[in-house]
There are 2 protein chains.
Amino acid sequence: MTNLLPMADEPAPERSDAARNRQAILAAALELVRTRGVDCVTMDTVASVAGVGKGTLFRRFESREGLMAAVLNESEAAWQADVISGPPPLGPGAPPLERLLAFGHSRLRTNVTHGALIKAATGDSSARSRAAASFAVMHVRHLLSELRVTGDLVLLSIAVLAPLDIVVIEQQQRDNISLERIEAGWDDLVRRVVGC
Amino acid sequence: MTNLLPMADEPAPERSDAARNRQAILAAALELVRTRGVDCVTMDTVASVAGVGKGTLFRRFESREGLMAAVLNESEAAWQADVISGPPPLGPGAPPLERLLAFGHSRLRTNVTHGALIKAATGDSSARSRAAASFAVMHVRHLLSELRVTGDLVLLSIAVLAPLDIVVIEQQQRDNISLERIEAGWDDLVRRVVGC
DNA sequence: AATGAAAGCGGACCACGGTCCGTTTCGACC
DNA sequence: GGTCGAAACGGACCGTGGTCCGCTTTCATT
């Protein structure tokens, strides 16, 4: 008798066919998103291109948003790596304020270029997606603390990040506000929050 | 020969049956949202309760989001009236900083209580919905200007409003951050932006 | 290699948002 | 009241995300 009661946090290894299918699905989704644009990619199409049934997509990725979050993750992980260990001023080495501004600019550009995919991926409150959000909060919080900012740093971080949200940005673009102006406005905000 | 070329901005009066139907649809939608909750209200249901065909819903309200925006508008208009001409500190009469803080608190509460409906209504870039967004920007911009804040006031207004967005708020609530803490954090943000 | 059961699979099926177009209603003009 | 064009109507229809359940595959055990 070994382990009749379920152990908490057992990794639950993945069966070989399941792993194969997940790879196939991700590859198909990635390719389709790249060629057709995220809004023209249906779950049926992904399934047939990947050569699996539709049910398999939903078992592996929960929902369309979940699948898109997984696709997005490919580039997002690279970006996070740049932030953590890339060259300055985004990566470590530059003074904190410079890093913070570089972070915002980089996040802004990323949100604009991957806007459609990000919108297709957000709204799912999966662990992966929430982790992505909290990575940014964690990083900004860290930089604010290095800048000797006092107060509720988590809340301040959220407040500083909120205007970079793709939905907010797109609203401003519809109002014919240029990216440069948005960027300058954000810099101003940061300086005020940091305290001159 | 009168007016063969279409005149710009002619109000285009509404036929009597059209007006009647719009009223019936709005009433049905309002009632259904109140009793069942917005997420359980389908367009088919609204149509059948209102006693009209589904096509009529979409002709009048463009989309589900448009219909929900119309429903939301009922309460939103009352709120805007309070802001413009209600009692202080939300309405005129109080000093600008107090008004600004009261505005944020009020907006925060409203977003929390009407969260589901607001989420169902946003995303449509209809004139009505964009007007609602820009009303808030306009008001905050006005208060900031009274507070002698200098800089790109539109961008600052957007930045100050962004953390009050229902999506941002719900994320924080999932992280077990209390409303009081969110409120205090926002007050802090405002004070920093205004400049102590 | 045989076996058994759990994990995985897949595609028929459903619900809902949104469209289309033949039919009905309105109301301006005679 | 009759006529007629335009506007509005409504419900059949479609595409898409998501579910369900009977069948298949994997793999630990022997």
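A polar contact is a pair of N or O atoms within 3.5 Å; within protein, one atom must be able to donate a hydrogen and the other to accept it, and residues adjacent in sequence count only if both atoms are side-chain atoms. Keep that handy for the exercises.

This is a predicted model, where local features need pLDDT of at least 70, side-chain atom pairs count only at pLDDT 80 or more, and totals for chains, interfaces and linings use all residues. Residues are numbered from 1 along each chain as its sequence is written, chains are lettered from A and ligands numbered from 1 in the order in which they are written, and side-chain values use heavy atoms, with hydrogens and water left out.

**Exercise 1. Find which parts of DNA strand C three arginine side chains reach.**

Step 1: Start with B:R15, where a side-chain N or O atom sits 3.1 Å from a base oxygen of DNA strand C.

Step 2: Now go to A:R59, which has a polar side-chain atom 3.3 Å from a phosphate oxygen of that strand.

Step 3: Check A:R60 too: an N or O atom of its side chain is 3.3 Å from a phosphate oxygen of DNA strand C.

**Exercise 2. Describe the protein surface near DNA strand C.**

Step 1: Here, "near" means that a heavy atom of the residue lies within 4 Å of the strand. There are 22 such residues around DNA strand C, and A:R15, A:N21, A:R59, B:K54 and B:R64 come nearest.

Step 2: Sort them by class: 10 are charged, 7 polar and 5 nonpolar. (Asp, Glu, Lys and Arg count as charged; Ala, Val, Leu, Ile, Met, Phe, Trp, Tyr, Cys and Pro as nonpolar; the others, Gly among them, as polar.)

Step 3: Look for the top contributor, helix 3 of chain A, with 5 residues. Helices are DSSP runs (H or I, at least four residues), numbered from the N terminus.

Step 4: Flip to the DNA side: 63% of the strand C atoms within 4 Å of the protein belong to sugar or phosphate, and the rest to bases.

**Exercise 3. Work out how chain B meets chain A.**

Step 1: Count contacts (heavy atoms within 4.5 Å): 26 residues of chain B touch 26 residues of chain A.

Step 2: Pick out the salt bridges (a side-chain nitrogen of Lys or Arg within 4 Å of a carboxyl oxygen of Asp or Glu). The two chains share 2 of them; one links B:D152 to A:R181, with the closest N and O atoms 2.7 Å apart.

Step 3: See which helix of chain B gives the largest share of its side: helix 10, with 7 residues.

Technical notes: Helix = DSSP H or I, 4+ residues; strand = E, 2+ residues; numbered from the N terminus.
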